[in-house]
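This report describes selected features of one protein structure. Please consult the sequence and the coordinates alongside the text.

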Amino acid sequence: RQGSELSGWAMGRWTYEGIDLNHNFADLNTALWDAEDNDLVPHEFPNHYIPIPEYYTFANATVAPETRAVIDWMQRYPFVLSANLHGGELVVTYPFDMTRTYWKAQELTPTADDGVFRWLATVYATSNLAMASEERRLCHYDDFTRFGNIINGANWHTVPGSMNDFSYLHTNCFEITVELSCDKFPHASELPAEWENNRESLLLYMEQVHRGIKGVVRDRDTEQGIANAIISVDGINHDVRT
């Protein structure tokens, strides 16, 4: 009713309780970076499956029931690939979303798996009809076409407590954010075109679960699978678990 792009970035961002779900996950970044600065990773502090801080679990913590439900869901299912869908821009962002220098609003802050994240973002951006169009216009003032319509989230604007960073640091899941459209609130008549813009990129993105090394870690003597076996790759300071 208020118009599409004219209703502002904040419209629809908060829950009834006044919580912004986009910033509501536990900040695990700070704990990891502090441990790295003190040479505690990974021998004394993990570089993956980072535990949720105690303060975040208190009943009076400012954590939305929706956020708690999503975290419980993520802990019950071993997801490895995810994307969350936003509106208001045409770009794909990848972790980290939070700047390492806490007082900076923008700063390139790559993960240990930066190459994989850049690949995942590129797969989506290059197959998205709106992003790949030669007639692509700027949504607002950022020219993301110079970077192939992908950007490190923290290098765009810092988001402490994002789901992407939480997924990467607390679980095995690699997650990106897709800004689907310049129009944050497209009219119903525009939704079929939005679906066509994203259909192929959604399918190609899901197919990326088949990339990389995969298999079953087994006990050599019993041939039984080993749960929670930690797999480390030389040169990548982020392990994964079976």
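Does E107 count as buried or exposed? In this predicted model, E107 has a relative accessibility of 17%, which is under the 20% cut-off, so E107 counts as buried.

The residue belongs to the loop that connects β2 with α4. Its side chain makes a polar contact of 2.8 Å with the side chain of T101. Leaving aside residues up to four places away in sequence, E107 touches T99, R100, T101, N152, A154 and N155.

**The sheet**

Four strands form an open sheet in the order β1-β4-β2-β3, and their pairing is mixed. The edge positions are taken by β1 (residues 81-86) and β3 (residues 150-152); each has a single partner strand, so one side of each lacks a neighbour in the sheet. From one strand to the next, the twist averages 25 degrees. Strands β1 and β4 (residues 174-181) run parallel and are joined by 6 bridges. Within this pair, L85 of β1 is found opposite V178 in β4.

**Helices on the sheet**

Helix α4 (residues 114-127) packs on the sheet and touches β1, β2 (residues 89-94), β3 and β4. The direction of α4 makes about 30 degrees with that of β4. Helix α7, in turn, lies across β1, β2 and β4 and runs at about 160 degrees to β4.

**Helix spans and buried residues**

The table sets out the spans of two helices.

| Helix | Residues | Number of residues | Expected span | Span between end C-alpha atoms |
|---|---|---|---|---|
| α3 | 65-76 | 12 residues | 16 Å | 17 Å |
| α4 | 114-127 | 14 residues | 20 Å | 20 Å |

For α3, the distance from the first C-alpha to the last is close to the expectation at 1.5 Å a residue. For α4, the distance between the end C-alpha atoms agrees with the expectation at 1.5 Å a residue.

Which residues of α3 are buried? They are T67, I71 and M74. These residues cover an arc of only 60 degrees around the axis, which means that they lie on the same side of α3. The elements covering them include α2 (residues 54-57) and α7 (residues 163-170). Helix α7 therefore appears in two settings: it helps to cover the buried residues of α3, and it lies across β1, β2 and β4.

In α4, the buried residues are F117, L120, A121, V123, Y124, A125 and S127.

Conventions:
Residues numbered from 1 in each chain as written. Predicted model: local features only at pLDDT ≥ 70, side-chain atom pairs only at ≥ 80, totals over all residues. Heavy atoms only, no water. Expected span 1.5 Å × (residues − 1). Buried < 20%, exposed > 50% of the residue type's maximum accessible area, 1.4 Å probe, protein only. Arc of directions from axis to C-beta. Contact = heavy atoms within 4.5 Å. Pairing = 2+ DSSP bridges. Axes fitted to C-alpha atoms, helices over the stretch in contact; angles between N-to-C directions. Polar contact = N/O pair within 3.5 Å; in protein donor to acceptor, adjacent residues only side chain to side chain.
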